[in-house]
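Trainee: Please take me closely through one part of this model, residue by residue. I would like one connected account.

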Amino acid sequence: MDMKKQVLLFISIFMFSITMSVSAARIVVADQTIEGPYQGTIAGPGIEGYIYYDSGNKVLIMNNATINAPDVEEDHYGYWHFIPLLIEETDITVKLLGDNVINSTNGIYFNKISNCTFYGGGSLTINISHDAGINAYDVGRISFSNCSININVRYVLTYPLVYGISASSRTQNEENHFQLCINNADLIIHSSCCLNGVTRLQLIDCFLYEPFGAYFNPDSMTILNTNNTICPDLQILSGHVGVPTIEENTWRVWGNASGIHVEDAEVGLCLDVFNILGQNTQHSVVQEGNFEIPLRPGVYIVKIGNHSQKVVVN
């Protein structure tokens with residue numbers, strides 16, 4: 001073979017290897033890397049329960065599965081290099097069945113994918129102390145549909161800023177940005193910064209819970225307390241956003257400049273207060289028949305038990 005053919009062959013092999021490395025999908029589960037065609041269960045150290053991956057149909061199934069990082073010292077970030085779950089697969093779906101848990105320093109990584117949807121009716125709890133519960137790098141959209149996602153951040157002095165869900169800066173500069181869609185699902189985050197880099201938040205058949213006196217700032221994607229400090233909890237709960245149906249009730253309620261006053265309510269019934277957008281601003285249990293709820297001026301729906309009434313605070 002002459003030199004020219006050797007050079008052409010070398011270039012062809014080199015370009016093919018680059019193409020394969022760029023286009024090849026892969027996932028990493030508990031530090032186990034799976035590339036190329038695969039259909040079957042994934043088991044090994046750090047994995048309990050059932051995990052199944054079908055690369056052809058682009059679905060990952062977790063059924064009462066738990067992924068645990070190695071039990072090592074955390075003084076110097078401990079098991080920082082342990083990867084509980086990394087996904088590099090375009091338009092993949094993650095089916096959640098039963099109760100699933102990830103216990104690790106860092107959470108789930110998505111890299112260079114367009115969309116991912118969690119669904120299946122189950123739940124996923126992510127317990128971490130570093131980086132982010134879900135880290136999206138060059139990702140267009142992540143959706144949660146008919147499932148429950150809980151992200152809990154354990155505070156570590158050496159790593160004080162940990163995100164619930166975070167999109168990389170390069171993702172934020174993409175034309176499509178990073179979108180988070182919650183469709184009849186629960187998303188509960190406890191972190192010093194719940195959402196980072198999320199440019200679009202879409203809620204379908206669910207509502208964002210605002211604690212009493214707090215409000216959601218769509219520009220910063222944070223819930224702010226009355227003193228403008230960031231609330232470390234974010235709760236998006238499944239259910240209709242619309243204002244509840246108003247029914248006749250057996251208790252009295254009225255509003256004035258200080259808030260809402262209730263008389264003759266039955267002790268032990270559930271109490272909910274909704275604003276005009278249908279967002280639940282307070283959820284508790286009636287402790288006594290007569291009480292007052294301080295509220296800012298506005299129109300509210302007070303629901304006690306199965307009965308509701310509209311109240312104006314001015």
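Mentor: Strands here are DSSP runs of E covering at least two residues, and they are numbered from the N terminus. The model is predicted. With that, take the loop between strand 10 (123-128) and strand 11 (132-145), where Asp-131 is found. The phi of Asp-131 is near 65°, a positive value, and the residue is not a glycine. Most residues other than glycine have a negative phi. Asp-131 has a relative accessible area of 16%, and buried means under 20%, so Asp-131 counts as buried.

A positive phi also turns up in the loop between strand 4 and strand 5, in Lys-58. The phi of Lys-58 is about 55°, and Lys-58 is not a glycine either. Its relative accessibility is 29%; partly exposed covers the range between the buried limit of 20% and the exposed limit of 50%, so Lys-58 is partly exposed.

The loop that holds Lys-58 also holds Ser-55, between strand 4 (47-54) and strand 5 (59-68). Ser-55 has a relative accessible area of 15%, which means that it is buried. Leaving out residues up to four places away in sequence, Ser-55 touches Gly-36, Pro-37, Tyr-38 and Glu-89. One of these, Tyr-38, is also reached through a polar contact: the side chain of Ser-55 comes to 2.7 Å from the backbone nitrogen of Tyr-38.

To sum up the positive phi values, Asp-131 is buried, whereas Lys-58 is partly exposed.

How values were computed. Residues are numbered from 1 along each chain as its sequence is written. This is a predicted model: local features need pLDDT of at least 70, side-chain atom pairs count only at pLDDT 80 or more; totals for chains, interfaces and linings use all residues. Side-chain values use heavy atoms; hydrogens and water are left out. Helices (H or I, at least four residues) and strands (E, at least two) are DSSP runs, numbered from the N terminus. Buried means under 20% relative accessible area, exposed over 50%, partly exposed in between (1.4 Å probe, protein chains only). A polar contact is a pair of N or O atoms within 3.5 Å; within protein, one must be able to donate a hydrogen and the other to accept it, and residues adjacent in sequence count only if both atoms are side-chain atoms. Contact means heavy atoms within 4.5 Å.
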